[in-house]
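Student: I should like a close look at a single part of this model, set in the context of its chain and of the neighbouring chain. Please take me through that part step by step.

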Amino acid sequence: MRRFLLIRGLQSLLVLAIMSFVIYALIGLMPGDPIDLMISADPRMTAADAARLRALYGLDLPLTERYWNWLTAALSGDLGYSRLFGKPVLQTLLPALKNSLVLLGTAFLLAVTIAIPLGTLAAARPRSAVDYGINLFAFAGISIPSFWLALMLIIVFAVLLGWLPAGGIAPPGAGLLEHLRYMLLPALTLTIVSVGSYSRYTRSSMMEVLRQDYIRTARAKGASQGRVVWKHGLRNAMIPVVTILALDFGFLFSGALITETIFSWPGMGKLIFDAVMGNDFNLALVALLFATGVTLAGNLLADICYAWLDPRIVIGGDTS
Amino acid sequence: MNSNSPFVLAMRRFRRHKLAMASGVLLLAMIGTVVCAPLFEMLLGVDANQVDLFNQKAPPSAEHPLGTDELGRDVLLRSMYGGRVSLFTGLVAALAAGTIGTIIGLLAGYFGGRLDAILMRTTDSVIALPLLPLLIVLAAIDLSKLGLPRDLIESSMISFYRIIIIVALVGWTTVARLVRGATLSLKEREFVMAAEGVGASHFHIMFRHIFPNLISPIIVAVTLSVGNVILLESVLSFLGLGIQPPVPSWGNMLTNAQELVWDAPMLAVYPGLLIFITVIAVNFLGDGLQDAFDPKAES
């Protein structure tokens with residue numbers, strides 16, 4: 001087990017290292033470079049000035065050398081300066097991270113609280129009207145374009161009814177209720193989109209468990225349907241579900257990019273989008289790498305959960 | 001006894017799946033409609049790309065059954081032409097991703113050993129990446145910095161090619177895993193050993209003996225991924241990074257929707273509704289095919 005974790009951890013680090021280079025190279029392929037931006041800001045600059053500046057900032061070096069310079073600076077704590085926000089990268093990253101965690105945490109909890117009972121209900125009575133209804137709802141959740149769902153929620157609750165703000169975040173110093181009003185629509189969007197797939201995972205995992213022998217034993221001993229499903233079944237059905245949830249939590253960080261952008265929620269997703277679109281190379285690079293790291297960590301966490309929750313599973317093949 | 005071949009049996013099971021049948025019919029009708037878009041254009045006597053600044057955001061009328069958009073163009077016709085782009089992109093990109101996935105899965109499963117380890121660790125790593133932000137970066141890169149010829153970069157098809165390549169680059173993992181798993185068990189079967197015995201080449205065994213047995217799971221996986229690709233295309237186009245106007249796609253028709261929600265909310269409703277209906281129909285269809293091809297799986 002320990003060996004397995006070590007190997008998986010090293011593998012994740014290797015992927016992160018490779019991705020740092022890939023992302024660095026991709027960012028270099030974005031339109032324009034920092035000197036182009038300086039030229040557009042100062043029309044008197046000559047071509048010779050531009051070339052001198054490129055040499056000064058090391059932009060004329062080959063890609064691998066530029067990457068190495070960036071990497072050594074980054075590892076020693078110098079992540080650079082965000083052009084868009086006029087602040088060091090780390091100082092723009094941390095508040096965005098906090099905002100994302102608040103929004104995503106809420107949506108994640110809501111989705112799990114709704115989806116697990118729904119999936120269990122559907123599995124307890126397969127092919128019933130309840131099952132079909134839940135299935136239909138789950139398919140709708142999987143198939144709806146999240147940006148369109150967000151627009152529809154804005155049309156209904158902000159435009160037609162005027163109950164909720166169409167976007168943004170509560171001004172500093174506002175009360176809890178005000179914060180909730182701003183968070184409701186983005187959180188609802190994320191919840192609706194996730195409930196579909198979570199409830200389907202729960203249902204299929206539950207169906208699998210309900211076919212097991214110990215469930216038959218429990219029934220034979222006269223346990224009620226409710227007790228069998230919710231007590232004996234659910235605990236075991238949760239093992240694969242928890243794994244998938246851990247996996248998904250990593251993705252949520254970047255997956256909320258669209259929702260955050262539409263609702264102008266100043267989180268990580270919107271930050272990445274703004275940085276990429278606004279040619280803020282330093283910020284885009286670090287934010288993307290951070291998202292990659294979180295997603296990889298989520299994957300690692302999923303593996304750990306799987307091994308930890310189910311003692312029958314021995315991973316790594318070192319059992320002999 | 002041709003009538004009881006596995007395929008016929010599968011089709012019989014599929015036909016019992018009413019929702020999937022209805023979805024299939026709906027998708028066929030939709031494809032028929034968008035293919036006939038020029039016909040409707042003639043019937044209505046309106047040009048789909050005709051900008052009419054005196055007739056912006058008009059309500060539905062006999063001339064414009066769904067009204068006009070913010071530039072006075074006919075919404076119905078643009079939805080049809082947008083559907084052509086969105087459906088075609090979805091199909092082609094899903095097929096491209098499926099092809100790459102099949103080849104990688106076959107190679108990994110058939111040859112095993114170190115090649116398998118490398119390919120599968122790569123697959124795991126691609127799955128573990130935050131796809132959406134990376135897709136946005138890929139969609140935003142400046143193609144002239146890649147040294148591509150100028151006339152290609154300026155052609156109107158470039159945003160279409162770009163979407164397909166981007167989707168194919170990241171979308172092959174599901175099929176690759178599926179195909180690898182199935183290949184691992186198939187290569188131990190007698191008919192593969194028989195083929196090896198008579199001296200068939202690796203290539204011949206992989207594509208003539210193993211691949212035909214994989215077709216039904218691949219069809220299911222590709223069908224299910226068409227829905228995801230349509231969603232992906234619509235998101236990228238919505239953000240202005242996918243199909244570039246004036247060519248309409250369901251995604252880019254929504255690009256300006258966020259400003260329009262206040263005075264012409266219906267313009268934000270139609271294209272998204274079409275995406276939603278299409279994707280849910282594709283998913284029902286894939287689900288039905290899955291049940292039909294795999295009678296053991298109880299869904």
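Tutor: The account below goes from the chain to one helix, then to the partner chain and two loop residues. The model is a predicted one.

Chain A has 13 helices and 2 strands. Its C-alpha atoms fill a box of roughly 85 × 65 × 35 Å along the principal axes. Of the 320 residues in chain A, 39% count as buried. Where contacts in chain A link residues at least 6 apart in sequence, 71% of them join residues at least 24 apart.

The part chosen for the close look is helix H7 of chain A, residues 146-160. With 15 residues at 1.5 Å a residue, H7(A) should span 21 Å, and the 20 Å between its end C-alpha atoms therefore agrees with that expectation. H7(A) nevertheless bends, by about 30 degrees at A:Ile154. A:Ile154 is also one of the buried residues of H7(A). The others are A:Ser146, A:Phe147, A:Trp148, A:Leu149, A:Ala150, A:Leu151, A:Met152, A:Leu153 and A:Ile155. After the helix comes A:Gly162, with a positive phi near 70 degrees.

The buried residues of H7(A) have packing partners in both chains. Within chain A, these residues pack against helix H8 (176-210) and helix H11 (257-262). From chain B, the partners are helix H11 (202-238), helix H12 (257-260) and helix H13 (265-293).

This leads to the contact between the chains as a whole, where 35 residues of chain B meet 36 residues of chain A. On the side of chain B that touches chain A, at least two residues come from each of helix H5 (113-127), helix H6 (131-140), H11, H12 and H13 of chain B. H13(B) gives the most to that side, with 9 residues. By class, the side of chain B that touches chain A comprises 25 nonpolar, 6 polar and 4 charged residues.

Two loop residues of chain A complete the picture. A:Ser264 lies in the loop between H11 and helix H12 (268-277) of chain A. Its phi is positive, near 50 degrees, although A:Ser264 is not a glycine. A:Ser264 counts as partly exposed because it has 14 C-beta neighbours inside 10 Å. A:Asn279 lies in the loop between H12 and helix H13 (281-309) of chain A. The phi of A:Asn279, another residue other than glycine, is positive and near 55 degrees. A:Asn279 has 19 C-beta neighbours inside 10 Å, and since a buried residue needs 20 or more, A:Asn279 counts as partly exposed.

How values were computed. Residues numbered from 1 in each chain as written. Chains lettered and ligands numbered in written order. Predicted model: local features only at pLDDT ≥ 70, side-chain atom pairs only at ≥ 80, totals over all residues. Helix = DSSP H or I, 4+ residues; strand = E, 2+ residues; numbered from the N terminus. Buried ≥ 20, exposed ≤ 12 C-beta atoms within 10 Å, placed from the backbone. Contact = placed C-beta atoms within 7 Å. Expected span 1.5 Å × (residues − 1). Bend = angle between axes of the 7 residues up to and from the residue. Nonpolar A, V, L, I, M, F, W, Y, C, P; charged D, E, K, R; others polar.
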